[in-house]
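Student: Could we go through this structure together, and could you show how each label is reached?

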Amino acid sequence: MSGFLEGRTGLVVGVANKRSIAWACAQALHAQGMRLAFSFANDRLEKTVRKLADELEGSVCFPCDVTQPEEIDALFASVGDAFGLLDTLVHAVAFAKREELAGNFFETSKDGYMLAHEVSAYSLTAMARRALPLMEGRPGSIVTLTYIGSERVVKNYNVMGIAKAALEASVRYLAYDLGPRGIRVNAISAGPIRTVSAQGVEGFSEVLDHIAGMAPLRRNVTAEEVGDVAAFLASDMSRGVTGATMYVDAGYNIMGV
Ligand code: NAP
């Protein structure tokens, strides 16, 4: 049986290890027949990312630190050489200094503020621009990952919440720009999932407990559930959806008291 992404190609940015949301997205895309390229942020991650990519037949890997414009250029040149064209970009990258993810938001440093925005928000626009020539004429889909800390105060999420707000606004502006070219841009607002990045936010375990008690489904979501929605957003089944922030959070976002 062939999958609904058979014959399509995708680039997945943000795999650090097998717990990464990006890895769950990759598995879901590949399960539906998509051929994948991966990027790894640095030498430390290369071995792990290559090993994971080897599990998904036909995959290729390239380096890319998203703060380095020439590395983004090189990544898309390599993807172009490997695939010729690109249907899907999954952007699952975020970073803030550990000390900015605890305590008072008003103590955020200028450096920390800029770095969080550069990696977690601006990189989407930088990558979308490079993806354009490869997506032209394809049913292109760009998917990024966000969190409800962009709209509501989540203790200790601090500058990352501000960066996610910028990311979600970027999704809307990119969707408007790229819509006439047939390229869709959407965000998945995932509930908390135990990954390396998430554990950098002080008090993360308490957040998981809170959601499990409050969310309509009375549990947390899994990375696999997020991956399945990424596959949907990459597919023609979501062809009428762009500029959206889609919650995959066990329904937590609807809750008041
Ligand atoms: P993760 O496994 O730690 O993935 C984050 C990735 O971003 C890592 O591969 C990390 O590499 C990479 N990265 C950081 N700085 C980079 C740079 N300069 N260039 C290239 N890559 C860089 O964590 P995750 O939870 O799956 O995060 C994926 C996305 O989901 C993020 O946007 C996150 O905000 C979002 N999200 C997560 C949750 C959650 O609860 N886990 C909920 C909602 C949304 P390094 O390891 O080298 O830093």
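**Rings and ligand**

Tutor: Let us begin with Y147, which has a relative accessibility of 13% and therefore counts as buried, in a model that is predicted.

Student: What makes Y147 count as buried?

Tutor: Buried means under 20% relative accessible area, and Y147, at 13%, therefore meets that condition. Y157 has a relative accessible area of 10%, so Y157 is buried as well.

Student: How many aromatic pairs does the structure hold?

Tutor: The structure holds two aromatic pairs.

Student: Why is the pair of W23 and F38 called tilted?

Tutor: Planes under 30 degrees apart count as stacked and those over 60 as edge-to-face, with the rest tilted; the planes of W23 and F38 stand at 40°, so this pair is tilted, with ring centres 6.1 Å apart. W23 lies in helix α1 and F38 in strand β2, so the pair ties together parts that are 15 residues apart in sequence.

Student: What makes the pair of Y147 and Y157 edge-to-face?

Tutor: The cut-off for that label is over 60 degrees, and the planes of Y147 and Y157 are 70° apart, with 4.9 Å from centre to centre.

Student: How do you know that S20 makes a polar contact with the ligand?

Tutor: A polar contact needs a pair of N or O atoms within 3.5 Å, and an N or O atom in the side chain of S20 is 2.6 Å from an oxygen atom of the ligand. Taken alone, the ligand exposes 880 Å², of which the protein buries 91%.

Note on methods:
Residues numbered from 1 in each chain as written. Predicted model: local features only at pLDDT ≥ 70, side-chain atom pairs only at ≥ 80, totals over all residues. Heavy atoms only, no water. Polar contact = N/O pair within 3.5 Å; in protein donor to acceptor, adjacent residues only side chain to side chain. Areas by Shrake-Rupley, 256 points an atom, 1.4 Å probe, with all protein chains shown as cover. Phe/Tyr/Trp six-rings, centres within 6.5 Å; stacked < 30°, edge-to-face > 60°. Helix = DSSP H or I, 4+ residues; strand = E, 2+ residues; numbered from the N terminus. Buried < 20%, exposed > 50% of the residue type's maximum accessible area, 1.4 Å probe, protein only.
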